[in-house]
Number of protein chains: 2
Amino acid sequence: MRKIPEPTVLRLSTYRRCLEDFKAQTNLPFVSSNELGRLAHRNAAIVRKDLSYFGEYGVPGKGYSVDHLLKHILRIMNLRREHRAVLVGAGNLGRALLGYPGFKKLGFRVVAAFDNDPRKVGRKIGEVAIFPVSKLKSEVERKKPAFGLITVPAAAAQESANLLVEAGVRAIINFAPARVWVPPRIVLRNVDLTRELEVASYYLG
Amino acid sequence: MRKIPEPTVLRLSTYRRCLEDFKAQTNLPFVSSNELGRLAHRNAAIVRKDLSYFGEYGVPGKGYSVDHLLKHILRIMNLRREHRAVLVGAGNLGRALLGYPGFKKLGFRVVAAFDNDPRKVGRKIGEVAIFPVSKLKSEVERKKPAFGLITVPAAAAQESANLLVEAGVRAIINFAPARVWVPPRIVLRNVDLTRELEVASYYLG
DNA sequence: AGCTGTGAAGTCATTCACAGCC
DNA sequence: GGCTGTGAATGACTTCACAGCT
């Protein structure tokens, strides 16, 4: 299998969501690249090309089976298994993430949260116990989550990343507004909540 | 001024953050494209090209004046004025956003929040009063915010967008996991909190 | 007829490489 | 010597356009 462009991976996530909407709204068994493109605000050709990287899923003259395509995308995205994750920082953002629909639906399960605020330690967010950060290493080594989610203030982001790497997570999603460095073997993705506001400001200006 | 590639606009936001970190950490007056590229995890040439779209800010042999460059980027991004915004959905995500550092620092000021939950209406998030959604139109018409931030459940996202458009906001940032449609004159940006988790899952698989 | 899959063409973005300046 | 600014070269991604299947 050829190397997949990152834009394609990002769009797959969009297609999945559009397919779920399409299924819920129409319940039709097939969707064409044209229709899916319209839903995802994309050209039909790029939809077909994106999907063709992973095999020939379409039926000429009919389109793509909605159910089969959904399953394929989940398999491609490695989303047909449960993913354990830990949360560093038990503030509003961490809470919001845990409550984000799709978080659970996509198979992500938060097995522990960590915070340095003594008022939070020992409490729970939903089902998830909050531990002091000093327990991060031992808890991660015991529960072996692949994902670490950083939702601490910017100043503590690098330190959190270091702890997560040392404890053995394989991927880090950094929601803090700070650049962090991790070894190349770790998958690092940054989410910046205000970037799109800045971009919108640019386009308004 | 030539048309600016969107990737450039996105990187400007990163450069701004890196410059602030650089200034706080080193207090040096100049930074080279090499150094800034290292901080932003980018090639030095793209740093120079990005900045050159907007004029010649650099000093050959020395680099870029940190302070001047910061000011220039803020001006380019239209961030040297206050931006009023309203929040639709006063849940954890809305709270997290209001508390996000840089939100205020970048000049974004939330002038009202709206929610349909009667237990939230009349309360406040920090300084921000929570109104029923039925008051959205009148409040927006009165306070004239340019930005609407959607932090409601997916099912209510389109409805929220419609109300915001009708009330006259010029830009919408949609944090709900749903595609929304707005007229072309409205600047629409989507933020998907779980997309980067999905992408990380792909790269782990 | 309608739609997919894909090579070829086209477009856009990044990196190279170097002249010119401090 | 070190660094910027930028045309040229390269590379990456998207769209076109059509053969081929149902």
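Why are Arg142(A) and Glu139(A) separated by about one helical turn?

1. The model under review is a predicted one. The opening question concerns a pair within helix α6 of chain A, which spans residues 136-143. Arg142(A) and Glu139(A) are 3 residues apart in that helix, and therefore about one helical turn lies between them. The two residues form a salt bridge, in which the closest N and O atoms are 3.4 Å apart. Over all chains, a search of the whole structure finds 30 salt bridges.

2. On the organisation of chain A, the domain assignment gives domain 1 (6-76) and domain 2 (83-195). Between the C-alpha centres of domain 1 and domain 2 of chain A the separation is 32 Å.

3. The next point is the relation between the copies. Two copies of a chain are related by a rotation about an axis and a shift along it. Here, a turn of 180° with a shift of 0.1 Å along the axis lays chain A on chain B with an RMSD of 0.1 Å. The two copies are thus related as by a two-fold rotation axis. Within chain A, Asn92(A) has the C-alpha nearest the axis, 2.8 Å from it. Both copies use the same surface, since 98% of the contact residues of chain A recur in chain B.

4. As to the extent of the interface, the size is often given as the accessible area lost when the parts come together. Chain A and chain B bury about 5700 Å² between them, and carbon and sulfur atoms account for 65% of that area. Chain A contributes 59 residues to the contact and chain B contributes 58 residues.

5. Polar and charged interactions also cross the interface. Between chain A and chain B there are 6 salt bridges. One of these joins Arg16(A) to Glu198(B), with the closest N and O atoms 2.8 Å apart. The count of residue pairs in polar contact between the two chains, both residues at pLDDT 80 or more, is 24.

6. Several elements of chain A give two or more residues to the side that touches chain B. The helices are α1 (6-26), α2 (33-40), α5 (92-99) and α8 (195-204), and the strands are β8 (147-150), β9 (171-174) and β10 (187-190). The largest share of this side comes from α8(A), with 10 residues. By residue class, the side of chain A that touches chain B divides into 38 nonpolar, 10 polar and 11 charged residues.

Conventions
Residues are numbered from 1 along each chain as its sequence is written. Chains are lettered from A and ligands numbered from 1 in the order in which they are written. This is a predicted model: local features need pLDDT of at least 70, side-chain atom pairs count only at pLDDT 80 or more; totals for chains, interfaces and linings use all residues. Side-chain values use heavy atoms; hydrogens and water are left out. Contact means heavy atoms within 4.5 Å. Buried area is the accessible area (1.4 Å probe) that two parts lose on being put together, summed over both. A salt bridge is a side-chain nitrogen of Lys or Arg within 4 Å of a carboxyl oxygen of Asp or Glu. A polar contact is a pair of N or O atoms within 3.5 Å; within protein, one must be able to donate a hydrogen and the other to accept it, and residues adjacent in sequence count only if both atoms are side-chain atoms. Helices (H or I, at least four residues) and strands (E, at least two) are DSSP runs, numbered from the N terminus. Ala, Val, Leu, Ile, Met, Phe, Trp, Tyr, Cys and Pro count as nonpolar, Asp, Glu, Lys and Arg as charged, and the others, Gly among them, as polar. Copies are superposed by least squares on the C-alpha atoms of residues with pLDDT of at least 70 in both. Domain bounds come from an automatic or database domain assignment.
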